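Student: Got a minute to go through this model with me? I'd like to start with how its helices pack.

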Amino acid sequence: MYSFNYYTPTKVVFGKKTEDQVGKLVKQFGGKKLLIHYGGGSVIRSGLLDRIKAILDAEGIAYVLLGGVVPNPRLSLVYEGIELCKRENIDFILAVGGGSVIDSAKAIGYGVTNEGDVWDFYDYKRKATGCLPIGVVLTLSATGSEMSSSSVITKEEGWIKRGYGTDYARPKFAIMNPELTLTLPDYQTACGCTDIMMHTMERYFTNGGNMEITDSIAEGLIRTVMHNARILMKDPLNYEARAEVMWAGSLAHNGLTGCGSDGGDWMPHKIEHEIGGLFDVAHGAGLAAVWGSWARYVYKDCLLRFKQFAIRIMGVNDTGSDEEIAMKGIEAMEAFYREIKMPTNLKELGIEPTEEELADMAHKCAVGVGGAKGSAKVLYEEDMLEILKNAR
C-alpha cells in the first residue's frame, strides 16, 4: 500500500428534479454572473436549458450562453468561451451536459484566471494557478468529470487530444438527476458504461501498490456497472439502473478507486486519446476497441492482477495456470463489450488507419506521455505502435 491524499470537495445533489436547486446552489458558491455552457440540441429539445434559465431568472442571477460543445471538445470553442467570460465579467461557469461540456468549462475556467495560452497547460508547458468556479448539471453518465480534477481537450491544429488536471477545476457542485439520462441512445449509454468501467480498470491494473478495501470497491463498482448496463440494454427507461450507473460514474473518477496505488496505468486512455483526436470517435467505444489489444500486450507483466480481475470480477473459474485464467478474464471482458454492442477492435469501431496514421498516433501518444508510461507495463513508442497494430 502506498500513502495517498484523497480530496473530493464537490457537493453532490442526487435524485429526481434536483436541477430545481441550481439557482440556490449557484448563490451558495458565490456565483453572480454565469456562463451557461452546453452542447448541442438535446438540452434545448428536452426543455432543460429553458428550465434552468427560468430558475436563474427567478433567483435574479445574470447569465450569458455558450453552446456548441461537441464530443472530443475543441480548443477553438474554449478560446471563444475565454474571451466571452472576460468581456462579460463572468465569475462562475455552469456546465449543463456531459463530460465534454464539463471538460470544456474547466478549460475556459483555466483560461480566464491564468495569463497566456490555455493550451500551454494541456501541452504540459505550464501549471495553472487557479480556475473559475464551476457547477454542473449532469446529463450523461460517463466521464466522471463532474467530480474529477481532469479535463480533456482536442486542438484542431494537428488534431491533438490532451488531458490536464488540477484540484482547482473540481466542480463546486454536481446536480445529478438520473431522469435526465433516460432519453439517451443505447449507443451513448453503452459508451458511458464502458468509460466508467475503464476509469476503474486503469487504476486496478497496477504493479504499484494496492489495498484490499480499494480493490473491493473497484471490483464491486465494475460488477455493478456491468449488471446495470445489461438491464439498460433491455429497459432503457429503468430509473434505478440509470441511478446506479450515474453514481458509479462519479465514484470511478473522483480518486476513490485508486487510493493506496501508484495512481494507475492509464495507457489505454492515452492511446485512445490519439484515436479520438485523429478520427473523432466516441471515447467509450474507442476504449473498448483498444483495450483487448493492450491487455494481451501487458498481462504477463501484471499477471496476478489480471488473474484477480478474471476471478473476482469476470467470474472465471480458478482452475488452470495463472496465464490461462488471466486470458479467460480478458476474453470475458471482450465478450461483455460485444454484448452491449461495443467494438473490440478498430475495424469494428469503423476506422481502418493506414500504417502512417498508426505511426503518427503512436508518436503523438509517446510525446504526450513524455516518452513512456504505464504501471501494468511501461510502454514506449514502439509498444504503443504494436498495440495499435494488434487492435486493427
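Tutor: Sure. One definition before we start: a crossing is right-handed if the near helix is turned clockwise from the far one by less than a right angle, and left-handed if anticlockwise. Keep in mind that this is a predicted model.

Student: Fine. What is the handedness of the crossing of α8 and α12?

Tutor: Right-handed. Helix α8 covers residues 212-234, and helix α12 covers residues 303-312. Their axes cross at roughly 50 degrees and come within 11 Å. That makes the pair oblique.

Student: Which residues meet there?

Tutor: From α8, Glu212, Asp215, Glu219 and Arg223. From α12, Arg305, Gln308 and Arg312. By class, that contact has six charged residues, one polar and no nonpolar.

Student: And α7 against α8? At what angle do they pack?

Tutor: About 165 degrees, with the axes 10 Å apart. Helix α7 is residues 186-204. Angles over 145 degrees count as roughly antiparallel, so α7 is roughly antiparallel to α8. The crossing of α7 and α8 is left-handed.

Student: Which residues of α7 meet α8?

Tutor: Asp186, Thr189, Cys193, Ile196, Met197, Thr200, Met201 and Tyr204. Their partners in α8 include Ala218, Leu221, Ile222, Val225 and Met226. The α7 contact with α8 divides into twelve nonpolar, two polar and three charged residues.

Student: Let's stay with Met201. What does Met201 touch, not counting residues up to four places away in sequence?

Tutor: Ile222, Trp291, Phe309, Met333 and Tyr337. Met201 also belongs to the largest nonpolar core, which has 67 residues. Along with Ile275, Trp291, Trp294, Phe306 and Met333, Met201 touches the most other members.

Student: Which helix gives that core its largest share?

Tutor: Helix α11, residues 283-298, with nine residues. Another core lies apart from this one. That other core has 35 residues, among them Leu35, Leu84, Ala128 and Tyr164.

Student: Changing topic: where is Thr181?

Tutor: In the loop between β8, residues 173-176, and α7.

Student: Buried or exposed?

Tutor: Buried. Its relative accessible area is 1%, and the cut-off for buried is under 20%.

Student: What is Thr181 in contact with, leaving aside neighbours within four places in sequence?

Tutor: Five residues to look up: Thr139, Leu140, Ser141, Arg242 and Met246.

How values were computed. Residues numbered from 1 in each chain as written. Predicted model: local features only at pLDDT ≥ 70, side-chain atom pairs only at ≥ 80, totals over all residues. Heavy atoms only, no water. Core = buried A, V, L, I, M, F, W, Y, C linked by side-chain atoms within 4.5 Å. Buried < 20%, exposed > 50% of the residue type's maximum accessible area, 1.4 Å probe, protein only. Helix = DSSP H or I, 4+ residues; strand = E, 2+ residues; numbered from the N terminus. Contact = heavy atoms within 4.5 Å. Axes fitted to C-alpha atoms, helices over the stretch in contact; angles between N-to-C directions. Parallel < 35°, antiparallel > 145°, perpendicular 65-115°, else oblique. Nonpolar A, V, L, I, M, F, W, Y, C, P; charged D, E, K, R; others polar.
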